[in-house]
Amino acid sequence: MPAPDMETLTSLAKRKGFVYPSSDIYGGFGSTWDYGPLGTELIRNVKDAWWRKTVLVRNDVVGLNASILMHPRVWEVSGHIENFKDPLVECPTCRRRYRQDDVSNMHCPHDEDLLTDPRMFNTMFKTYVGPVEDDASVAYLRPETAQSTYVNFKNVLDSSRVRIPFGVAQIGKSFRNEITTGNFIFRSREFEQMELQYFVAPGEDDEAHERWIETRFTWWTDLGVDTQRLRLRSHDADELAHYAKATTDIEYEFPFGWGELEGIANRTDFDLRRHAEASGTDLAYFDESTKSHIVPFVIEPAAGVDRAALAFLADAYTEESIEGRDRVVLKLHPSLAPFKISVFPLARNKAPLVKLATQVAEDLRSRWPVFYDETGSIGRRYARQDEAGTPFAVTVDYESLDNFSVTVRDRDTMEQQRIAIADLEQHFATLLTT
Ligand code: ATP
């Protein structure tokens, strides 16, 4: 199945309530996006899947939830004020601005004019804290969650029983004043990250880096992403971030081409050393086995929630023609699907069908997100749920009133099975494991 084009995806996302342009009634606001009812569930599921795999099923990772605003010194010491810059080029004729790496041969993609020499542009958002807008009150919206983990390193060591190697995971918003945005939720100025800082003894970093690349790649394929559309790409020396010794990106073939989903960096001991020096706080770890103090190296898998959502949507989007009937179906992995089960009475004007279907929906809802729908033809209702990615549809029909069984339709195969209502919970429990 060829990838859908971005327009198809964007319009499905809006129509079904996955993603809307932000401030839509005012014409939108420069590449900011809002998640609607289905999108909200999708990104919750993406984050849950990441948290489960990265924190909950492991015994070496703990969580952190830090604030977005931090002491401005953090960004000086981390090198972001000096280095978190993109090269900006401008067209002298149409005044359009681009990130230099987004244009080939230094000509304006719009009117072919020669672009200006690059100027470095810091992409951190600046704001002011308190009532006076002066230099003393400058603060930044964080461009990554990682720094708050480093400055809390001692707090975590002192308050939990972690032993190296261990990780600190965090999910939260980050902000970057990107020069060029676009491609829907792929690149926006406000986005969410899922980042892990995994602390290892120096010398063990290369092996840990390899392990995390493998672990993270498997996460995407376990959630059903087509391996043909995934690849690993290691950074050349000249594109490495100022703190990194090596970085490998996991890239996905989006409808507009290959793009980064996640970066897995070996950040060495750069950040801990800099913060220890600047703050005067000892950020070394005492290794009981060797009775020595070490400054750990950091392996950082950093993924974007929004890019993940876009990749999952693009990958799941399928147009099919079966027995002469066309349909659009989102073949989302069940653990990502916003609703797991839909429940329909065959007809809405038959009170006993509605009563039983409502009861079935209610019972299932105590364990899974269930969508109840009694409007429109049954075919229409199936089609709506196919487009929403709901893996299973339960229909209560006349036979149900006689023998308390229902049909269960599988979204992908469209096959229907008759199942006793009493067995439904067990049936779905085996299919909807997290
Ligand atoms: P890019 O090269 O695309 O700008 P990056 O290398 O700067 O990305 P990282 O700093 O490695 O990105 O951030 C980790 C992850 O955060 C990225 O892999 C991506 O999923 C997400 N991310 C970064 N910038 C944005 C953005 N502007 N919009 C949405 N997601 C983003």
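Here are two short exercises on the ligand site and a helix pair in this model.

The model is predicted, with local features needing pLDDT of at least 70 and side-chain atom pairs pLDDT 80 or more, while totals for chains, interfaces and linings use all residues. Residues are numbered from 1 along each chain as its sequence is written, and side-chain values use heavy atoms, leaving out hydrogens and water.

**Exercise 1.** Work out which residues come nearest the ligand, and which side chains pair with its N or O atoms.

*Solution.* Start with the shell: 16 residues surround the ligand, each with a heavy atom within 4 Å of it. Glu 178, Arg 187, Ser 188, Glu 260 and Leu 261 come nearest.

Next, look for polar contacts (here, pairs of N or O atoms within 3.5 Å). The side chain of Glu 178 has an N or O atom 2.7 Å from a ligand nitrogen. On the ligand's oxygen side of things, a polar side-chain atom of Arg 176 sits 3.0 Å from an oxygen atom, and an N or O atom in the side chain of Arg 307 is 3.0 Å from an oxygen atom.

Then check the cover: the ligand on its own has 590 Å² of accessible area, and the protein covers 84% of that (Shrake-Rupley method, 1.4 Å probe).

**Exercise 2.** How do helices α2 and α7 pack?

*Solution.* Take the angle first: α2 (residues 37–56) and α7 (residues 205–222) pack at about 135°, on a scale from 0 to 180 degrees between N-to-C directions of axes fitted to C-alpha atoms over the stretch in contact. Their axes are 11 Å apart.

Note on methods
A polar contact is a pair of N or O atoms within 3.5 Å; within protein, one must be able to donate a hydrogen and the other to accept it, and residues adjacent in sequence count only if both atoms are side-chain atoms. Helices (H or I, at least four residues) and strands (E, at least two) are DSSP runs, numbered from the N terminus.
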